[in-house]
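Please open the structure in your viewer and keep the selection panel at hand. The stops below are meant to be followed in order, with a selection to make at each one.

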Amino acid sequence: MEIQRNGFKRESYILSVDVGTTSIRCHVFDKEAQIRGSCTTKVNLLYPEPGLVELDPEELWRGFVKVVNGAVQDSGLQMRQMETLGISTQRGTFTTWDRKTGVPFHNFISWQDLRAVELVRSWNNSCTMKAIHGVMMVLHFLSKNKRFQAASLIVFSTQHVTFRLAWALRHWKQLSQAVAEGTCCFGTIDTWLLYKLTKGLVHATDYSNASATGMFDSYQLCWSEFLCCLVSLPLSILPKVLNTGLGFGMADQQAAMFGECCFDIGDVKITMGTGTFMNINTGSKPHTSVAGLYPVVGWKIGPEVVYLAEGNAADTGTAIKWAQELELFSDVRETDAMANSVANSDGVCFVPSFSGLQAPLNDPKACASFMGLKPSTTKSHLVRAILESVAFRSVCLLESLYELTLTADLFGRKVARPTQHEMSCLGAAFVAGLEVGFWKSQEELKKLQRTDRVFLPRNLYRMGDGGTEGEYTPILQRWEQALKRSMNWYGNP
């Protein structure tokens with residue numbers, strides 16, 4: 001695509017930024033979805049107390065500006081050649097700020113933060129929640145309306161914004177006073193960046209980010225008055241919900257789904273990062289799952305709305321980074337050789353739950369743990385146990401061939417690894433590019449897909465079919481026992 005200015009034709013490009021949990025990345029994409037320039041900076045996570053995870057809003061903004069300028073400079077192009085800007089952001093991380101001054105009342109509270117654990121637990125076990133579940137079950141039985149079924153299964157999580165925001169409103173007087181005076185703005189990272197980009201003129205979010213907060217009604221595509229009233233969250237502080245594209249934001253997992261071109265019902269993607277997220281395209285209707293999958297809006301482009309069902313494990317990537325910091329290995333690429341240097345994990349099990357356990361177990365009090373250690377245990381056994389735990393939580397590491405192969409074995413299906421690793425950034429670029437006509441259709445985007453490698457199952461793992469057990473059946477069973485023993489570790493004695 002070309003931009004014509006003053007009689008001269010100049011090639012145009014898409015600028016896309018991904019604000020992740022540990023880094024901010026910006027890429028310049030050309031018409032073939034190839035990266036022409038890049039820039040990355042670190043996200044500094046703050047840990048004011050055990051279990052609390054925060055980010056500095058102004059530092060995040062400075063990092064955003066830095067990578068945008070750096071990527072364009074790295075590409076050797078000019079800013080005026082950028083057709084549009086796409087942004088993907090980590091979800092569930094929020095702050096609040098003064099509507100008049102734009103000054104934040106507090107740091108971003110990360111999606112990994114556990115300050116609201118007790119509040120979440122008390123609500124999930126409350127008589128109010130039990131009554132809501134009961135009433136909604138009856139309404140679903142009578143009407144067969146899946147919206148009531150969803151309400152009958154709702155379980156709050158610390159990853160959702162709902163109770164972390166409720167905690168902030170209860171504990172910070174300045175914040176509650178601003179709400180009373182009508183000067184408080186709430187926003188996830190995409191909202192904050194858009195607010196800064198527009199110099200305070202726009203207070204908005206998009207459907208994909210809103211649907212991951214726990215305060216959004218995915219069936220009605222609006223903020224849930226019922227949920228907000230239930231936990232005393234003021235609707236007045238919430239941003240307007242807009243479509244994606246045109247230089248706007250998109251949630252990272254939905255952006256990665258779009259970047260993988262998972263446009264058809266039944267398409268599945270697994271994203272590997274700080275946490276692991278599995279998403280299934282459920283088409284034009286939200287999916288209510290008794291297994292704990294959470295319905296989110298994938299994307300809304302014009303009148304088209306696509307929904308996803310999602311399950312996640314928060315700490316699988318964190319476990320690998322933690323092991324590296326302990327000097328079990330120096331480079332993640334070493335883990336393949338280390339894991340395969342031993343026949344098995346020597347009975348060692350690792351549970352990757354630094355931030356508790358998510359769906360379907362939903363136990364924020366679970367602990368990360370090694371079990372089965374003995375004098376014969378070596379570094380290689382520990383590394384293999386960690387990699388096996390990641391696969392057992394239905395994930396795979398980008399740089400680990402062994403890990404991907406194991407995941408294919410467990411699923412019994414092929415796993416394709418794309419050549420392009422920055423799928424959230426690419427997905428945001430795709431959506432923004434479609435909005436401005438840089439790319440014409442989803443079919444055109446599919447033709448840009450490139451697969452690095454396809455991993456096929458080795459038929460080592462079978463369950464429930466009466467066949468011969470594979471080598472990982474007893475290992476998985478032992479790991480599941482370790483998982484149960486790690487649950488409720490931080491609960492009351």
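Before the first selection, one cut-off is needed: an angle of 65 to 115 degrees between two directions counts as roughly perpendicular. Bear in mind throughout that this is a predicted model.

Begin by selecting residues 379-392, which are helix 13, together with residues 473-486, which are helix 17; the axes of the two come within 11 Å and cross at roughly 85°. Helix 13 and helix 17 are therefore roughly perpendicular to each other. To see what brings them together, show the side chains of Glu-388, Ser-389 and Phe-392 on helix 13, and of Ile-475, Leu-476 and Trp-479 on helix 17, since the contact is made by these residues. By character, the residues of this contact between helix 13 and helix 17 divide into four nonpolar, one polar and one charged.

Next, move to the sheet and select strand 4 (residues 23-29) and strand 5 (residues 35-42), which run antiparallel and are joined by seven bridges. Phe-29 has Ile-35 of strand 5 as its bridge partner. The two strands form a hairpin with five residues between them, and in the turn Ala-33 has a positive phi of about 65°.

Now widen the selection to the whole open sheet, in which five strands follow the order 5-4-3-7-15 with mixed pairing. Strand 5 and strand 15 (249-251) stand at the edges, and each has a single partner strand, so one side of each is left without a neighbour in the sheet. From one strand to the next, the twist averages 20°.

With the sheet still displayed, add helix 7 (residues 189-197), which packs on the sheet and touches strand 3 (13-19), strand 7 (82-89) and strand 15, its direction making about 145° with that of strand 7. Then add helix 15 (residues 423-435), which lies across strand 3, strand 4, strand 7 and strand 15 and runs at about 135° to strand 7.

For the last stop, select Ser-157, in the loop between helix 4 (146-153) and helix 5 (161-171). Is Ser-157 buried or exposed? Ser-157 has a relative accessible area of 18%, and is therefore buried. Finally, display the backbone of Gln-159 as well: the side chain of Ser-157 reaches the backbone nitrogen of Gln-159 at 3.1 Å.

Notes:
Residues are numbered from 1 along each chain as its sequence is written. This is a predicted model: local features need pLDDT of at least 70, side-chain atom pairs count only at pLDDT 80 or more; totals for chains, interfaces and linings use all residues. Side-chain values use heavy atoms; hydrogens and water are left out. Axes are lines fitted to C-alpha atoms, for helices over the stretch in contact, and angles run from 0 to 180 degrees between N-to-C directions. Helices (H or I, at least four residues) and strands (E, at least two) are DSSP runs, numbered from the N terminus. Angles under 35 degrees count as roughly parallel, over 145 as roughly antiparallel, 65 to 115 as roughly perpendicular and the rest as oblique. Contact means heavy atoms within 4.5 Å. Ala, Val, Leu, Ile, Met, Phe, Trp, Tyr, Cys and Pro count as nonpolar, Asp, Glu, Lys and Arg as charged, and the others, Gly among them, as polar. Two strands pair if DSSP finds at least two bridges between them. Buried means under 20% relative accessible area, exposed over 50%, partly exposed in between (1.4 Å probe, protein chains only). A polar contact is a pair of N or O atoms within 3.5 Å; within protein, one must be able to donate a hydrogen and the other to accept it, and residues adjacent in sequence count only if both atoms are side-chain atoms.
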